[in-house]
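Welcome! Please take a moment to look over the sequence and the 3D structure, and then read on for a guided walk through the chains.

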Amino acid sequence: MGTLRYIGGRLLFLVPQIFGIVLVGFLLVKAVPGDPATLMLGPMATPDSIAKLRGELGLDKPLPVQFIIYINRIAHGDFGTSWQTTQPVVEDLAVRFPATLELVSFGLLVALAIGIPLGIVSATRRHRVLARIGDFYGLVAGALPDFWLALILIYVFYSLLGWMSSPIGRIDVMLLPPRTITGFYTIDSLVEGNWPAFRSSLAHLVLPVLTLGLVNAGPILKTTQSAMERMLQADFSLYARLCGLPEKLVMRHALRNALPSIVTIVSVLYGFLIGGAVLVEIVFSWGGAGQYAVQGVLNADFNPVLGFVIFSALFSLIVYLVVDLVYLAIDPRIRQ
Amino acid sequence: MEPLLEVTELVKHFPLEGTRSVVQAVNGVSFSINKGETLSLVGESGSGKTTVGRCVLGLIPPTGGKILFRRKPTGHGWNVRSPGMRGKIQLVFQEPGESLDPRMPVMASIEEPLRSMKLTAGKRRERVRDVIERVHLPQGLLEQYPSELSAGQQQRVAIARAIVTEPELLVLDEPTSALSPTARAEIIDLLVHVQRELGTAYLFISHDLSAVHQLSHRTAVMYLGRIVEEGMSDEVFRTPHHPYSVGLLSSVMLPSPDLKRETTFVLEGEIPSPIDLPPGCPLVSRCPFRIERCAAAFPDTAMVTPTHRVHCYRHDEVAGREKATDTFAAFQRIAERVLSLPHHGEAVAITKARD
Amino acid sequence: MTGSEAMTRDERGIAASPAAAAPLIEVEDLEVAYHVYGSAPNRALRGISFQIMPGQILGLVGESGVGKSTLARAIMGVLPSPGRIERGQVRFMGSDLVAFDEAELAKERGRNLAMIVANPRGELNPLLPIGRQIAEVARAHLAVGREEAARLAIDMLKAVSIPDPERRMRAFPHELSGGMAQRVVIAIALVCSPKFVISDDATSGLDVTVQAQILNLLRRLAREKHMAMLYITRDIGVAANFCDRIAIIYRGQIVEEAPTDAFFGGPEHPYSNLLLAAFVHDPRLRARWGAALARVTPAAGEAACLFADHCVNRQERCVSERPALEESTPGRLVRCHFPVHR
C-alpha cells in the first residue's frame, strides 16, 4: 500500500517537474539566435512577407504570451509542426523516439554484458590477464569518441570484410518496415511473423549497437569495479569469510550489495543516451530523435527541439522513478 | 540554600518522520542539583538520560516542563548564550578523541570557550595554563595536537576545556565509557579533585555504575524516560527499592569471588521501544513484581526516607525480598584488602633457584 | 556467586586437570607482526601460549591495543594483510592451523572453529534477512538442504532466546536492537555446533542487563555442547564472573594465567595488581601499584621485561633479562622475576 502511494506521489510530482522543464526549455530555445521566419522563407524573402509570417507564427507577441499559448497547445497534445518536415512534431517523434529507444536499449544491454563481468573480474582479480584487460578497457573506453568508433567499425566490417549490411538506416532499403505497434522494428516484425524484416532490422542494428555498447561499457565497468571492491572489503564480506562461507557466495553477496551503484549509472546513461546517441545516429543515418532535435537547433526549428526536450525529460523522469522502485526492492533499509 | 538547577516534569518527545508516532524520550523527569554536589543519572541506553542532559544544556528545546537555573526559567532570554549564563554550564562528552578538533592544538581548544568572555589574549592564555595544571598535565602538552595524546590525556584536556570558564554546573555525558580501567580511575580522581577545589556541581550521566558509585552524592535511576528511584547514592546502592534498580545492580559484574549473589533475578527480555509507550509503569513488560495497577498509571512518589524516593506500588516488598548487598562497597573492601597485603616478591626471588 | 555455580566451577576444574583430558586447543609460542612499508614491524603478539580444555572458558583480559583482537584473528586465519604469523603453532583437533592454507581454513571456520564478533549490526549483511544468514552458514558446512537449514536456523533463534523466532527469521539486521543482533551473531557462530568458540569483545557494547542475559546464555550453551571458549574482553569484572581461568595480556604477551578464584584471591603479576587497583577508591592504594605509570621516558632497553618501564617493583634483573611464563604455584603461571606472593 505504501508503495502504491509512493508511486502515485511521484507521478503527481511529475507535473510540476515537467512544467519547470518546459519553461526552461522554452526560454533556452528562444535564446538561440536565428529567426525562423527568415530561415523558412529563404534568402529571397521580402521584409513584408517575413513580418507577415512572423505574425502568423505568433513570433511578434510578447514572450510570456507565447509561452502561455505554447503550454495551452501542449496540454492538448499539440506540439506544433516542424517546418522542415512539415509534419506535426508528435508524429515525427512517434517514429523517431522508438528508433532511438531501440538502438539505445540494445546498446545498453551490450554495454552491461561487457561491463559488468569485466568489472567483477577486475575487482576480484581472479584472472590476472582478464583483470588487466578490464583495467585497460576502463581507461580507454572513456576516451573513445563514439562516432569515431562507429566509422572504424563500418570501415572494418563493411568496407573491408563485407560482413555487415550497408550502414544506412534501420532496415534494408528494399524492405518495408513492419506495422507499427511499439515502434521497435525488431519486436514489431517478430509479432507480425515477418522474418525478412526481422533479420534485416537486426542486421542493421549490429554495428550501431556494438558502437554504443563498447563505448558505454567503460563507465559501467568502472562503476562495477569500484562498487565491488568496496563491497568485498566491507565488514559483512569479512564476516562472511569468517563464517567459512565459500568465496563464490561471498562474491554473490558483494555483487548484490553493489547493485544500487550499478543501477544508478545505468539510469543516468539511459537518460543521457536518448539525446547523447546523436552522433552515432548521424553516422548510421538512423533517423532517431537526437538527430531530429539537432537539426531543429541548427535550423531554428523550435517545435521539434521543444518537443524532443519534453519527451526525453519525461522519459528520464520515468526511468528514475523505476530506478527508485528498484532500490526499494533491493535495499530493505530504504523501506522504512 | 537555593538549588542551582531545578528540573520539573521535563518532557521531550521526538516526532517520527512521516508518521504520527512520537519517540517519548523523556516522560516527566524532575530533580534538582545543589551547588557543589553531584547527581548521577543512571540507566541503559534509551532511558533518556542523554536527552535530559541536552535539555539542561539548552541544546534541544523541551516539549514540556520547566528547567530553572539559579531559580530563573531557561529559555530564550536565559540560556547558555546569555551574558549572565555564558560559561556557567559546560559539557564533557563521551568520546574524547571526537570532541576535540583534530586540527587545533590543545592550547587553542582549551582557549575557545573563553572567547565569548571579555578577556584579553594574554589573560586567556594565563587561564589556560592555570587550568592545564589543575588537570595534572604538563605545560608542554599545550603545543601538541589531540592525535598525539592518549585517550586519558585527551579526556583531561576536554575536562580542562570545560572548567576553564569556571562553570557552576558541569554536565558529563558518559565521560569514562571510552577509557581503559586505569585511565577511568584517574579521570574520576580528577573530577573529585576539581569539584573539591572549584565547587562545581556535576550532572553525571553514565551507565558505568562503579564510576557513579565513587563520584556521586545522589543517584537517580532512569528507565524509558522516567526516574524510577532517586536518593543519596548510599541509599540507592545499598537498599534499592525499585525492581529495575535491583535488576540493574545485580547485572553489573564485579570481580567478587567471595560475594554471594543475594538477589534472585536478572531482568529478562528486551527493552521495549520508546515509541508510543502505553500508560503506566514502563517496566511492566519485564517486571517480575507487576500487578494490574502497574499498567494503568505510573506510580506516584513514595518516600522511603526524607531523601530517598521511589516510584513503585510494591517497593516495600521489593526491598524486603531482595536483600541486595552494596556489591560495589563490598568489592572495594575485598580489593583493598588484597592489594594492601604485604607481599613477599623479593623474598621469593632470592630464595627461588632459577635455571 | 550462588552455591550451585561455585560447584560447577569445581567440577570443571577437576575435569581440567591434565590427567583427565587433552586440551581442545593449544596455542604455542604464537608470534604475529604487522609489516608496514617503511617502518619497523609492529610486534603485536610476542609468543603467546595457552591451552583450553573442552567445556572450559578462558578469559583473556587486557586493555585496548595489546593484541587481543589480533590473537582472535590469527587463530581464525583472518589477519588483515599487513599482519603475518611469524612463528608458533595453533594445535586444534590434531592439526596445526598455522600450516593450513585458505581453503582448509575456510572449511574449519564456522564448522569447528567459530568467532562471535562485536558490533554485530555492522557485520551482518544489511540486505539479507537474518534467518537466511544463519541458514547459509549451516548449508555451507553441513550437508543439509534448504528446508533443513531453515529449521536449524529457527532452532538456533530459539536457543538464543529470541522471541517469536518464525517471524524474526525474516527480519533484517537494521530492524534489530543491539542485544538481538548480538544473539543472531551467536546463533550464527553456534549453528554448526563448533568445538571452539572465540568471543571477541562481543558484549562490551551492550547494556548491562542485556550483557548479563547473553553471558548466562553463552555459559549454558557452552556447558550443554562441551565447547571450549576463549572470551576476550577489556572488562575484568565480566571475566571474573564468567570464566574459569583468567589470562592477563600486556603488550602482546600473557603475563599471568590462573583459575579465576585464585586470581582474585591475590594476583601475582604487578600489572594484574594494577588492573585490580583501578577499582579501589583509595588513591594511595592505586598509587602503590600505579605510581610508575607516570614514568614517561623509557629506562628499559631491548632485553628488558616489557612491563619494566611501568612496574613499581622493578629491579636490576628486570631490565637485563626478560622473564618467561612459568609456573609459580601449582596451576598458576606468571611472567615475572619477582611475582607477588601473599
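Two residues are taken to be in contact if their C-beta atoms, placed from the backbone, lie within 7 Å. With that in mind, chain A and chain B do not touch, and their nearest C-alpha atoms are 10 Å apart. Please remember along the way that this is a predicted model. There are 2 pairs of chains that touch, and the pair with the most contacts is B and C.

## Chain A

Let us begin with the chain that has no strands. Chain A has 14 helices and 0 strands, so the pattern along its sequence is simply one α after another: α-α-α-α-α-α-α-α-α-α-α-α-α-α. Its C-alpha atoms fill a box of roughly 85 × 55 × 40 Å along the principal axes. Of the 336 residues in chain A, 36% are buried. Among the contacts of chain A with a separation of 6 or more, 69% join residues 24 or more positions apart.

One helix pair is worth a visit. Helix H5 (residues 89-124) and helix H9 (residues 195-233) of chain A have axes that come within 5 Å and cross at roughly 35°. The crossing of H5(A) and H9(A) is right-handed. Sorted by class, the residues in this contact are 22 nonpolar, 9 polar and 1 charged.

## Chain B

Chain B is divided into domain 1 (5-223) and domain 2 (240-340). The C-alpha centres of these two domains of chain B lie 27 Å apart, and the contact takes 13 residues from each of domain 1 and domain 2. On the side of domain 1 that touches domain 2 of chain B, strand E2 (22-33), helix H7 (209-215) and strand E9 (218-223) each supply at least two residues. E2(B) gives the most to that side, with 4 residues.

## Where chains B and C meet

Now to the pair with the most contacts, chains B and C. Their contact takes 46 residues from chain C and 39 residues from chain B. Which elements of chain C give two or more residues to the side that touches chain B? They are helices H8 (178-190), H9 (208-225), H10 (236-242), H11 (260-265), H12 (270-277) and H13 (283-290) of chain C.

The table sets out the class make-up of three contact regions.

| Contact region | Nonpolar | Polar | Charged |
|---|---|---|---|
| Side of chain C that touches chain B | 22 residues | 17 residues | 7 residues |
| Side of domain 1 of chain B that touches domain 2 of chain B | 7 residues | 5 residues | 1 residue |
| Side of domain 1 of chain C that touches domain 3 of chain C | 9 residues | 2 residues | 3 residues |

## Chain C and its sheet

The domain assignment of chain C gives domain 1 (3-112 + 192-263), domain 2 (126-190) and domain 3 (267-334). Between domain 1 and domain 3 of chain C, 14 residues of domain 1 are in contact with 13 residues of domain 3. E9, E10 and H11 of chain C each supply at least two residues of the domain 1 side, and the largest share, 7 residues, comes from E10(C).

Chain C also holds an open sheet of 8 strands, in the order E6-E7-E8-E3-E9-E10-E12-E11, with mixed pairing. Its edge strands are E6 (113-116) and E11 (326-327) of chain C, and each pairs on one side only. Strand E10 (residues 253-259) and strand E12 (residues 333-334) of chain C pair in the antiparallel sense over 2 bridges, and here Glu257(C) stands opposite Leu333(C) in E12(C).

Two helices of chain C pack on this sheet. Helix H2 (residues 68-76) touches strands E3 (57-61), E6, E7 (196-200), E8 (228-233) and E9 (245-250) of chain C, and its direction makes about 150° with that of E7(C). H8(C) touches E6 and E7 of chain C, and its direction makes about 175° with that of E6(C).

Finally, look at the edge strand E6(C). It runs parallel to E7(C), and 4 bridges join the two; Ile116(C) stands opposite Ser199(C) in E7(C). In a regular strand the side chains alternate between the two faces of the sheet. Are the residues on the two faces of E6(C) buried or exposed? Both faces are covered: Leu113(C) and Met115(C) on one side and Ala114(C) and Ile116(C) on the other are all buried.

Terms used
Residues numbered from 1 in each chain as written. Chains lettered and ligands numbered in written order. Predicted model: local features only at pLDDT ≥ 70, side-chain atom pairs only at ≥ 80, totals over all residues. Buried ≥ 20, exposed ≤ 12 C-beta atoms within 10 Å, placed from the backbone. Domains from an automatic or database assignment. Nonpolar A, V, L, I, M, F, W, Y, C, P; charged D, E, K, R; others polar. Pairing = 2+ DSSP bridges. Axes fitted to C-alpha atoms, helices over the stretch in contact; angles between N-to-C directions. Left-handed = near helix turned anticlockwise from the far one by under 90°.
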